[in-house]
Amino acid sequence: MIKKVSELLHPSLLTNATKHQEVISRFQKLPKIRLSKESATKEAAILIPLLMVDDKINLIYTIRSSKLRNHRGQVSFPGGMKDEKDSSYEECAVREFEEEIGISKKSVTVWGCGNTIIPAFGPSITPVVGSITDYSFNQLKPSSDEVAKVFAVPIETFASGEHRRHTQFRGNYTTPVFLNGVETVWGITAVITHLFLTALLPGSYSSRLPFVKKYEMNNSKR
């Protein structure tokens, strides 16, 4: 029996360790993404943070500061480069979350990791899932050096097909785009969001994206 999205997103999800393991198991079974034949020389980790906002489970995103060297002004999940002090991707993700958002990493309940993504260029990206408890959205204290804005989106919003579009690249592959008012989630952040929703909401979230096959113009004389 397929459950409704609202049933799968019961508030107890944030603290249910068994559910966390189930989601991560499905997350890791999804296809691995490699957009470059070359191995990444650097590694990064991001946190997919889940937080209760107005009695609904939300995903937390940031808009990167214009002060940053790379990807300034883009929507992203909190995260950054893995350094020598980080013993794992999980440790890297929650450290970066604390530095960017201003909430202690001790408040994050880590569920686990998804598959590492190899983008067309830049560092590899390993998504880490975690829920934040005993904090409200209004308590966030983002770093002005790294974050221009923090915003929350109810998972139910992005689970709805009416808020999803797609972009097709060179006739080779399609990537999702999520609409949320003025803040559009696109690029690798949208891909990670799409994969996570597929694992989080089995059977209730449509993971299929449209793809238009390349066609040739008919130049023959009539």
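Ser 76 sits at 11% relative accessibility in this predicted model, and since buried means under 20%, Ser 76 counts as buried. Its place is in strand 3. Leaving aside residues up to four places away in sequence, Ser 76 touches Tyr 61, Thr 62, Arg 64 and Thr 189. Thr 189, one of those partners, belongs to helix 5 and is itself buried.

Gln 74 tells a slightly different kind of story. This residue lies in the loop between strand 2 and strand 3, the latter covering residues 75-76. With a relative accessibility of 29%, Gln 74 falls between the cut-offs of 20% and 50%, so it counts as partly exposed. Not counting residues up to four places away in sequence, the residues that Gln 74 touches are Thr 62, Ile 63, Arg 64 and Trp 186. Thr 62 and Arg 64 also turn up among the residues touched by Ser 76. Gln 74 and Gly 187 are 113 residues apart along the chain, yet 9.2 Å separates their C-alpha atoms.

Stepping back to the whole protein, there are 5 helices and 9 strands. Going along the sequence, they come in the pattern α-α-β-β-β-β-α-β-β-β-α-β-β-α. The protein has 222 residues, and 43% of them are buried. What about contacts between residues that are 6 or more positions apart: what share of them joins residues 24 or more positions apart? The share is 66%.

Helix 5, at residues 187-200, is a good place to look at burial. It has 14 residues, and the distance from its first C-alpha to its last is 20 Å, close to the 20 Å expected at 1.5 Å a residue. How many of the residues of helix 5 are buried? The count is 12 of 14, which leaves the helix mostly covered. The buried residues run through Thr 189, Ala 190, Val 191, Ile 192, Thr 193, His 194, Leu 195, Phe 196, Leu 197, Thr 198, Ala 199 and Leu 200.

Some of these residues meet another helix. Two packed helices are described by the angle between their axes and the distance between the axes. For helix 2 (residues 17-29) and helix 5, the axes come within 8 Å and cross at roughly 130°. That angle makes helix 2 oblique to helix 5. The crossing of the two helices is right-handed. On the helix 2 side, the contact is made by Val 23, Arg 26 and Phe 27, while helix 5 brings in Leu 195, Phe 196, Ala 199 and Leu 200. Sorted by class, this contact of helix 2 with helix 5 has 6 nonpolar residues, no polar ones and 1 charged residue. An α-helix has 3.6 residues a turn, so residues three or four places apart point the same way.

Helix 2 is also home to Thr 18. At 48% relative accessibility, Thr 18 counts as partly exposed. Its C-alpha atom is separated by 9.7 Å from that of Trp 111, although the two residues are 93 apart along the chain.

Helix 3 takes up residues 89-101, which makes 13 residues in total. From first C-alpha to last it reaches 18 Å, close to the 18 Å expected at 1.5 Å a residue. Its buried residues are Cys 92, Ala 93, Val 94, Arg 95, Glu 96, Phe 97, Glu 100 and Ile 101. What covers them? The cover includes strand 1 (43-53), strand 2 (56-64), strand 4 (79-81), strand 5 (108-113), strand 6 (124-132) and strand 7 (147-154). Just after helix 3 comes Gly 102, with a positive phi of about 90°.

Positive phi values also show up in residues other than glycine, and the loop between strand 1 and strand 2 holds Asp 54 and Asp 55. Phi is near 50° for Asp 54 and near 70° for Asp 55. Are these two loop residues buried or exposed? Asp 54 has 73% relative accessibility and therefore counts as exposed. Asp 55, at 74%, counts as exposed too.

Note on methods: Residues are numbered from 1 along each chain as its sequence is written. This is a predicted model: local features need pLDDT of at least 70, side-chain atom pairs count only at pLDDT 80 or more; totals for chains, interfaces and linings use all residues. Side-chain values use heavy atoms; hydrogens and water are left out. Axes are lines fitted to C-alpha atoms, for helices over the stretch in contact, and angles run from 0 to 180 degrees between N-to-C directions. Helices (H or I, at least four residues) and strands (E, at least two) are DSSP runs, numbered from the N terminus. Angles under 35 degrees count as roughly parallel, over 145 as roughly antiparallel, 65 to 115 as roughly perpendicular and the rest as oblique. A crossing is left-handed if the near helix is turned anticlockwise from the far one by less than a right angle, and right-handed if clockwise. Contact means heavy atoms within 4.5 Å. Ala, Val, Leu, Ile, Met, Phe, Trp, Tyr, Cys and Pro count as nonpolar, Asp, Glu, Lys and Arg as charged, and the others, Gly among them, as polar. The expected span of a helix is 1.5 Å times one less than its number of residues. Buried means under 20% relative accessible area, exposed over 50%, partly exposed in between (1.4 Å probe, protein chains only).
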